[in-house]
Amino acid sequence: MALLFVRHAQASYGTDDYDRLSPLGWTQAGHLGTWLAREPHGFARVRVGAMRRHRETFEAIRRAFAEAGHPLPEPEEDADLNEFDHGAVIRAYLVERADADMRARAGSHDPTVVGPMLYAAIHAWAHDELEAVPERWGVFGERVARAGAAAADATGDGPTLVVSSGGVIARLAQQALEVPAARAVDLNLAIRNASINEFSARQGRLRFGSFNTLPHLAHDRRLWTHF
């Protein structure tokens, strides 16, 4: 595969600043970098979203490559690779669509509560059932398509590494597979932190290769996270 998308490692879920890697996230990203550097892919280009968790994930990868004697190209920042605003989508859902029971549990950080709530919120957003959101589902899709096209163009110079977020990668997979919006929601919630996702660029568009793999974390299931 000429185009490797990786989801950022675990961010600081449940803290006052989500947009930074947790200690576990740094460990995940370090393992990812070490695994990639063992078999250098000859990355000619690197593209990274503009969020802190993207930059920190790449920094851990770059450090591992440098230690292995395989320096990476300087990253090119692309804000189109940024994640959608989960908080805004959830807030809109709680006000506009959620029942009283879900609103009462909205402050929980328990994944068994947050997971279903996030699914319901993104599902409503994907079906244009929410009004008070900063970015409509269709606009998000257009932005993701631009990011995918830019990444595909970069492969003209050789294999390309891209660091982004789960929502972006899931939407790219949905577009490449030409499946309904609801499948993008399923893919989004399935994707793990620091996962590897392969695409190729053919005939001016992205084609799907593999999704959500964790060969670099296979040795320890405790390192597998979604949030």
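**A friendly note on this fold**

1. Let's start with one residue: Thr-160 lies in strand 4, which covers residues 160-164. Keep in mind that this is a predicted model. Is Thr-160 buried or exposed? Its relative accessible area is 0%, so Thr-160 is buried. Leaving aside its neighbours within four places in sequence, Thr-160 is in contact with residues from several parts of the chain, among them Ala-2, Leu-3 and Leu-4. Phe-43, Arg-45 and Arg-47 are also in contact with Thr-160, and the list includes Ala-151, Ala-154 and Thr-155 as well.

2. Now step back to the whole chain. How many helices and strands does the protein chain have? There are eight helices and six strands. If you walk along the sequence, you meet them in the pattern β-α-β-α-β-α-α-α-α-β-α-α-β-β.

3. Next, the overall form. A compact globule of 227 residues would have a radius of gyration near 17 Å, and the protein chain has 17 Å, so the value agrees with that expectation. Along the principal axes, the C-alpha trace spans about 55 × 40 × 25 Å. Of the 227 residues, 51% count as buried.

4. The contacts and the surface are worth a look too. Take the contacts between residues at least 6 apart in sequence: 73% of them join residues at least 24 apart. The protein chain exposes about 10200 Å², and carbon and sulfur atoms supply 51% of that area. As for charge, there are 25 positive and 29 negative side chains, and the centres of these two sets lie 3 Å apart.

5. How are the strands arranged? Strands of a sheet pair through backbone hydrogen bonds, either parallel or antiparallel. Here six strands form an open sheet in the order 3-2-4-1-5-6, with mixed pairing. Strand 3 (76-77) and strand 6 are the edge strands, because each pairs on one side only.

6. Try following strand 5 (residues 196-202) into strand 6 (residues 205-213). The two run antiparallel and are joined by six bridges. Which residue in strand 6 is the bridge partner of Ala-201? That partner is Leu-206. Elsewhere along this pair, Glu-198 stands opposite Ser-210 in strand 6. The hairpin has two residues between the strands, and Gln-203 takes a positive phi near 55° there.

7. Two further residues deserve a check of their backbone angles. Ala-194 is in the loop between helix 8 and strand 5, and its phi is near 65°, a positive value in a residue other than glycine. Its relative accessibility is 0%, so Ala-194 counts as buried. Asn-212 is in strand 6 and has a positive phi near 65°, again in a residue other than glycine. At 9% relative accessibility, Asn-212 counts as buried.

8. Helix 8 (residues 181-190) shows how helices can meet their surroundings in this model. Its buried residues are Ala-181, Ala-182, Ala-184, Val-185, Leu-187 and Asn-188. What do these residues pack against? They pack against helix 5 (111-126), helix 6 (137-154), helix 7 (166-177) and strand 6.

9. Finally, find Gly-14 in the loop between strand 1 (3-7) and helix 1 (23-38). Gly-14 has 41% relative accessibility, and it counts as partly exposed because that value falls between the 20% and 50% cut-offs. Gly-14 and Asp-110 are 96 residues apart in sequence, and in space they are 9.3 Å apart, C-alpha to C-alpha.

Note on methods. Residues are numbered from 1 along each chain as its sequence is written. This is a predicted model: local features need pLDDT of at least 70, side-chain atom pairs count only at pLDDT 80 or more; totals for chains, interfaces and linings use all residues. Side-chain values use heavy atoms; hydrogens and water are left out. Helices (H or I, at least four residues) and strands (E, at least two) are DSSP runs, numbered from the N terminus. The radius of gyration is taken over C-alpha atoms; the globule rule is 2.2 Å times the number of residues to the power 0.38. Buried means under 20% relative accessible area, exposed over 50%, partly exposed in between (1.4 Å probe, protein chains only). Contact means heavy atoms within 4.5 Å. Accessible areas come from the Shrake-Rupley method with a 1.4 Å probe; for residues, only the protein chains shown count as cover. Lys and Arg count as positive and Asp and Glu as negative; His and the chain ends are not counted. The place of a charge is taken as NZ of Lys, CZ of Arg, CG of Asp or CD of Glu.
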